[in-house]
Amino acid sequence: MTGSNANAEQAADVSDTTPGGESDPPGPARPRVDLVKHPRGPLPPETRTSEHVSVDEPLLAARVHRPADLIRVLLGILGIAAVLVLASIAQNSTKGLQTDIASGATKVPGFLSTIMGFVSTAAVLIVPLAFAVERLIKRDGLRVADGVLAAVLAHGVSLAVDLWVVKAAPLVITYALTQRLPGDILTDPVQGYLAPVIAYMTAVGMTSRPRWRVALWGVVLLDSISELINGHTTPLSIAVTILLGLTVAYGTLYAVGTPNVRPTGEHLLTGLRKVGFSPVSAHRSPDGPEGTRRYLIIQEGASPLDVHVIDREQQASGFFYRMWRRLQLRTVAVRSSPQSLRQALEQEALIAYAVNAAGAHSPHLLATSELGPDAVILVYERIEGRSLDSVDSSDITDAVLTDAWGSVRALARPADRPPAAHRRIGAGHPGNRTCLINLAGGDIASGDLTLRMDIAQLLTTLALRVGPERAVASANAMLGADRTASALPLLQPVGLNRSTRQALKLHNRARKAEADALHAEQLRKAGVKAGVKAGIKVDDALLEPPPSLDLLSQIREQILEIVPQAVVAPANLQRLRPKTLITMIAGAFAGYLLLTQVVANNPITALSRADLLWVLLAVAASVLSYVGAAMSLSGFVPEQLPFWRTFLAQVAGSFVKLVAPAAVGGVALNARFLQRSGVRPGQAVASVGASQLVGLGMHILLLLGFGFIAGTGSSSDIPSSRTVIAGLLVAAVLVLVAAAIPPLRRWLTSQVRSLFLGVVPRMLDLLRSPTKLATGFGGIILVSLAFVACLDASIRALGGSLPFATVAVVYLAGNAAGSAVPVPGGIGPIELALTGLLTGAGLPLSVATPAVVLFRVLTFWFPVLPGWLSFTFLQRKNAL
């Protein structure tokens with residue numbers, strides 16, 4: 001909670017400690033739990049003796065797949081790739097290094113190199129064998145079997161790499177990884193005996209065996225020096241051998257799993273007795289938020305205990321999710337994970353003491369201890385109760401809400417202590433009290449942002465159970481209006497823990513389904529559908545979509561009713577969004593491919609020789625496309641729009657597309673322009689949607705039509721008309737198949753339902769105005785033909801020539817494919833798609849690349865400055 005900063009990454013649990021009540025763990029999916037209410041008094045005589053200890057817990061998996069092993073595999077692959085890239089780009093350096101080694105080897109006495117070769121060969125055989133014997137003596141046969149499997153796989157992979165390097169790899173890689181011996185014989189690119197030894201020793205396990213680790217790397221070093229001196233290998237070959245052995249070893253361990261060494265319940269009872277407790281039985285409880293194992297311990301003649309077990313396997317679980325959250329969120333919004341078991345133990349113990357010292361309700365930490373080399377335990381007093389999400393809403397009284405917010409206030413304002421944050425507030429409640437558990441993710445000396453995230457987390461958690469009104473009212477009563485309002489900028493899904501985000505998504509989805517059903521029922525009762533079909537003008541208000549029922553928006557509205565002047569702008573918690581990451585990767589890939597084309601076929605030189613007349617025609621076609629865009633928008637709006645301003649709005653879209661995906665920015669700008677022109681918001685969105693829908697249909701029809709025409713020509717690079725017809729039939733069959741599958745049919749129905757509620761009625765209104773329809777359809781066709789003409793003129797300006805129908809197919813297909821990638825303006829993907837299709841249609845790459853560059857300069861880059869001027873002009877005139 002506040003004061004002990006609880007991570008906004010997971011929800012804290014508040015357990016209901018109703019006297020005499022049984023623990024009711026939350027959630028439908030959980031491990032088998034046997035939490036029977038045990039008496040607080042002396043146990044029956046038959047259970048008092050420690051000889052009859054019982055443990056009730058699910059069986060642990062015999063093997064576990066460690067994310068750390070997968071990460072090492074990926075790093076090994078990257079390392080091998082880096083070595084091969086180095087061999088390709090640093091040929092002179094690698095040759096110079098080999099020459100220096102060869103010249104230095106001549107100075108080594110022959111007897112010394114012979115002795116080194118003999119010793120290294122013997123050591124390569126003796127060390128693995130001795131290690132296997134040592135493991136078998138200690139009855140660790142499973143690890144030896146893992147090592148043998150890894151060695152066999154490493155040998156097979158080495159042979160495959162050798163074959164690839166000799167037969168199919170570029171010559172620079174072959175020269176970097178091999179030496180040519182007398183008789184024109186090449187050495188092995190990968191040391192076929194050393195890689196299996198490295199894989200074997202690594203898979204058997206050397207983390208806790210430093211002597212064997214030193215022995216292994218001593219053997220590797222000695223053998224590498226011996227092979228280099230004798231001229232049987234190269235430095236890069238040794239690097240690839242080592243990386244290959246490690247990669248195969250960790251890949252084997254991740255695939256088959258490593259033996260599970262997690263302590264069991266029996267080990268736990270033994271450890272508890274060593275620190276002074278008298279356990280009789282252990283019962284497995286539901287795991288904590290980060291996979292922490294929890295046990296209910298029944299003692300002899302004492303109160304029950306809650307024991308948390310933290311081990312290395314638990315620390316590794318969820319690694320990739322935590323890594324993504326650290327990459328996605330800013331540092332202040334996510335807590336750093338402990339790097340060791342000792343740090344994890346100290347962090348949870350410190351936050352537990354801080355929470356209790358602050359006066360918040362939380363179980364008292366009684367003891368901590370190590371449980372072998374790979375686990376630690378924290379012993380808490382047992383508090384009977386239920387988690388908040390398992391309590392009926394009717395049982396969450398105002399007293400429960402007040403107590404929960406009281407703990408938040410205590411954490412945020414402890415007397416004479418730095419504030420702490422829980423970072424996982426979810427709550428569990430005992431009667432009219434709440435109790436904070438799962439404190440592992442908390443913080444000491446928390447900043448104001450983290451404390452406010454606790455408030456936002458608890459506001460959302462309570463609103464999911466009791467509604468936004470009661471959640472905000474209870475927070476306001478305990479924290480005050482200003483402190484409650486301080487959480488307003490942090491009410492965003494990314495700042496909530498995972499379980500709360502999932503619950504919020506389900507809640508919003510259910511409310512939206514209810515609202516849509518209610519809206520459809522209202523339309524049915526009002527006879528709107530029948531009136532629309534009959535061409536009767538209906539009330540536009542009935543066609544408006546239902547208002548947003550997002551729970552976070554409702555919480556914001558409740559806070560703003562109390563503090564109208566509160567800051568509403570969301571805090572910037574994210575530094576990287578999934579969409580941004582995809583865009584960066586796609587853009588980098590597209591840029592790389594485009595750069596390779598530009599380097600191979602420099603378009604600047606070709607553009608300097610372009611035919612000026614065709615360039616001017618291409619410019620005119622580009623300008624004409626904006627006229628068509630203005631016509632298409634005006635044609636789908638029954639109201640009269642000033643053509644000049646509509647034209648400027650389309651030009652302004654060129655500026656917006658620079659920072660938004662190709663089809664998204666223009667839609668938003670047109671909707672905004674229509675609203676400023678006096679069109680109702682619902683009608684504005686419907687008009688833009690109708691224009692986009694008709695544009696999509698016309699784009700497909702033009703593509704099929706020009707494809708049919710181009711296919712009837714003599715060019716063999718364009719699909720024939722029969723192919724186009726076959727494509728139509730295949731598309732029709734796919735539609736029928738989708739309609740026959742109930743889940744797909746329901747999804748398609750939900751997607752097009754909005755069209756029938758908004759876009760289709762708007763189209764029916766336009767049927768009464770043939771002039772408007774002609775303007776709209778004509779504008780859409782004019783836009784496509786203008787762009788095709790611009791591309792055709794660009795090709796002819798560079799001395800190339802293709803049939804107009806072929807150019808049309810290239811533009812329509814390439815623009816659609818490139819725009820599908822969510823890159824602002826389609827930069828990169830559109831250029832690649834158009835260049836590839838033009839070369840496929842028979843145009844030389846030396847002409848296709850500069851032609852596409854010229855086309856994109858005229859249709860995308862040059863209009864940016866006029867677009868910015870139009871955008872600012874329309875803003876000054878309140879038209880945007």
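Me: What is Q558 in contact with, leaving aside its neighbours within four places in sequence?
Reply: In this predicted model, Q558 is in contact with P468, E469 and V472. Q558 itself lies in helix α20, which covers residues 551–562.

Me: Why is Q558 called buried?
Reply: Buried means under 20% relative accessible area. Q558 has 18% relative accessibility, so it counts as buried.

Me: Why does F118 count as exposed?
Reply: The term exposed requires over 50% relative accessible area. F118 is at 63%, and therefore counts as exposed. F118 is found in helix α3, residues 110–137.

Me: Which residues make a nonpolar surface patch with F118?
Reply: The others are F111, L112, I115 and V119. Together with F118 they make a patch of about 520 Å².

Me: What makes F787 and F855 an edge-to-face pair?
Reply: Two conditions apply: ring centres within 6.5 Å, and planes over 60 degrees apart. The centres of these two rings are 6.4 Å apart, which satisfies the distance condition, and their planes are at 80 degrees, so the pair is edge-to-face. The pair also links distant parts of the chain, with F787 in helix α29 and F855 in helix α32, 68 residues apart.

Me: How do you know whether F787 and F855 are buried or exposed?
Reply: The cut-off for buried is under 20% relative accessible area. F787 is at 17%, so it counts as buried. F855 has a relative accessible area of 3%, so F855 is buried too.

Me: What is the pairing of Y811 with F855 called, and why?
Reply: For Y811 and F855 the centres are 6.0 Å apart and the planes at 75 degrees, so this pair is edge-to-face. Y811 belongs to helix α30 and F855 to helix α32, and the two residues are 44 apart. Y811 has a relative accessible area of 7%, and is therefore buried.

Me: Which residues form one aromatic cluster?
Reply: F787, Y811 and F855 do. The structure holds seven aromatic pairs, among them F787 with F855 and Y811 with F855.

Me: What makes a set of residues a nonpolar core, and how many residues has the largest one?
Reply: Its members are buried residues of nonpolar kinds such as Leu, Ile and Phe, joined through side-chain atoms within 4.5 Å. The largest such core has 40 residues, and F706, I795, Y811, L838, L843 and F855 have the most contacts inside it. Two or more residues come from each of α23 (612–635), α26 (681–711), α29 (770–797), α30 (804–819), α31 (829–840) and α32 (845–861). Helix α29 gives the most, nine residues.

Me: What does L843 touch, leaving aside its neighbours within four places in sequence?
Reply: L843 is in contact with I795, G800, S801, L802, L838 and A848. Apart from the largest core lies another, of 37 residues, including L458, L491, L552 and V563.

Me: How many helices and strands does the protein have, and what percentage of its residues count as buried?
Reply: There are 33 helices and 16 strands. Of 880 residues, 46% count as buried.

Me: What percentage of contacts between residues at least 6 apart in sequence join residues at least 24 apart?
Reply: The figure is 79%.

Me: What supplies the area that the protein exposes?
Reply: Carbon and sulfur atoms supply 65% of about 41,700 Å².

Methods:
Residues are numbered from 1 along each chain as its sequence is written. This is a predicted model: local features need pLDDT of at least 70, side-chain atom pairs count only at pLDDT 80 or more; totals for chains, interfaces and linings use all residues. Side-chain values use heavy atoms; hydrogens and water are left out. Patches are made of residues with over 30% relative accessible area and no salt bridge: like charges are joined within 9 Å, nonpolar side chains (Val, Leu, Ile, Met, Phe, Trp, Tyr) within 5 Å. Accessible areas come from the Shrake-Rupley method with a 1.4 Å probe; for residues, only the protein chains shown count as cover. A salt bridge is a side-chain nitrogen of Lys or Arg within 4 Å of a carboxyl oxygen of Asp or Glu. Helices (H or I, at least four residues) and strands (E, at least two) are DSSP runs, numbered from the N terminus. Buried means under 20% relative accessible area, exposed over 50%, partly exposed in between (1.4 Å probe, protein chains only). Contact means heavy atoms within 4.5 Å. Rings of Phe, Tyr and Trp (its six-membered ring) pair if their centres lie within 6.5 Å; planes under 30 degrees apart count as stacked, over 60 as edge-to-face and the rest as tilted.
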